[in-house]
Amino acid sequence: MAVTAVKAVKQGARRLLQVDLEGAEGPAYPPLCPCCNDPAERGVFLPVQCGPAEKAERPPGFLRFPTCRVCARHVPFFARLTDFMGWLILALTLVTVGFGLIGFAAYSSGQSGWEVVYVGLRLPFRGPILGMLTLLIAGAVGVGYAVLSGVIIVMPLYWILAKRGCEEVPVKAEIVTASPRVLRLTFENVRYGAAFVKTNGGEMPAAPPPGAVRRPAPASRGASRRGPGGRG
Ligand SMILES: [Zn+2]
Ligand SMILES: [Zn+2]
């Protein structure tokens, strides 16, 4: 595959490197771990799925990045953990808000039993203000659980299972167009991304001096040039 575009992109506070490649065969990989930059170990790979599948003519499958043993384990583990934590936080939020409403109904009516459950769970539907208030409280509870689970579950696991300087999602792969087949890789690890560009015969965009206002480079070298035909 040949590098057709290299772009520095920002995602929130993060700086990522976005690399477009074109060609039928797979890319070449530098002998480094895409997560921690340590030398890749023999026979250890990080599979990265190319999404979205519906844009490709055939199932796009996986890219296999040579990697180190530690990162080959923690990257897929934290991807699964993030999914699981999302569902856990949602469930905990619903249960907390549900019990809160039932408790509030019991407290304000002095009743007990199933009648209170019925009244409590119907409270948010009594009017727009109660509904909005419930949503706001649910949002706050959800954020609280997310922060709490990050501090007591994800961060300790990260310290145990990953190295310092490891990335959360080191590489994302996406098929942009099926024919010509354009593969877009987004690297959280910009240093590895630069090595990847070099390995595949591409050129890094000229870095603007720190603090400089963005302006077009004097010899506007195509940081985003496309081949003839381009996007069809
Ligand atoms: Zn590594
Ligand atoms: Zn890592």
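# Exercises on a predicted fold

The axes of helix α1 (residues 69-109) and helix α2 (residues 114-122) come within 8 Å and cross at roughly 115°. (Axes are lines fitted to C-alpha atoms, for helices over the stretch in contact, and angles run from 0 to 180 degrees between N-to-C directions; helices, H or I of at least four residues, and strands, E of at least two, are DSSP runs numbered from the N terminus.) Before you start: this is a predicted model, where local features need pLDDT of at least 70 and side-chain atom pairs count only at pLDDT 80 or more, while totals for chains, interfaces and linings use all residues. Residues are numbered from 1 along each chain as its sequence is written, and chains are lettered from A and ligands numbered from 1 in the order in which they are written.

**Exercise 1.** Work out which residues of α1 meet α2, and what kind they are.

*Solution.*
- Step 1: take contact as C-beta atoms, placed from the backbone, within 7 Å. On the α1 side you get G98, L101, I102, F104, A105, A106 and S109, and they meet V116, V117, V119, G120 and L121 in α2.
- Step 2: sort them, with Ala, Val, Leu, Ile, Met, Phe, Trp, Tyr, Cys and Pro as nonpolar, Asp, Glu, Lys and Arg as charged, and the others, Gly among them, as polar. That gives nine nonpolar, three polar and no charged residues.

**Exercise 2.** Lay out the sheet: what is the strand order, and which strands sit at the edges?

*Solution.*
- Step 1: count two strands as paired if DSSP finds at least two bridges between them. The result is an open sheet of six strands with mixed pairing, in the order β1-β2-β6-β5-β3-β4.
- Step 2: β1 and β4 (62-66) each pair on one side only, so they're the edge strands. Neighbouring strands are turned by 25° against each other on average, direction ignored.
- Step 3: look at both sides of β3. It pairs with β4 in the antiparallel sense over five bridges; F45 stands opposite P66, and L46 stands opposite F65. With β5 (residues 171-177), β3 runs parallel and shares two bridges, and G51 has E174 as its bridge partner there.
- Step 4: add α4, which lies across β1, β2 and β6 and runs at about 20° to β2.

**Exercise 3.** Which residues touch the most other members of the largest nonpolar core?

*Solution.*
- Step 1: call a residue buried if 20 or more other C-beta atoms lie within 10 Å of its own, exposed if 12 or fewer, and partly exposed in between. A nonpolar core is then a set of buried Ala, Val, Leu, Ile, Met, Phe, Trp, Tyr and Cys residues joined through C-beta atoms within 7 Å.
- Step 2: the largest one has 28 residues, and V19, C33, C71 and F187 touch the most other members. Elements giving at least two residues each include β1 (2-11), β2 (14-22) and α4 (190-199).
- Step 3: zoom in on C71. Not counting residues up to four places away in sequence, C71 touches C33, C35, C36, L46 and C166.

**Exercise 4.** Are T186 and N37 buried, exposed or partly exposed?

*Solution.*
- Step 1: T186, in strand β6, is partly exposed because 18 other C-beta atoms lie within 10 Å.
- Step 2: N37, in the loop between β2 and β3, is buried because 20 other C-beta atoms lie within 10 Å.

Definitions and conventions:
Two residues are in contact if their C-beta atoms, placed from the backbone, lie within 7 Å.
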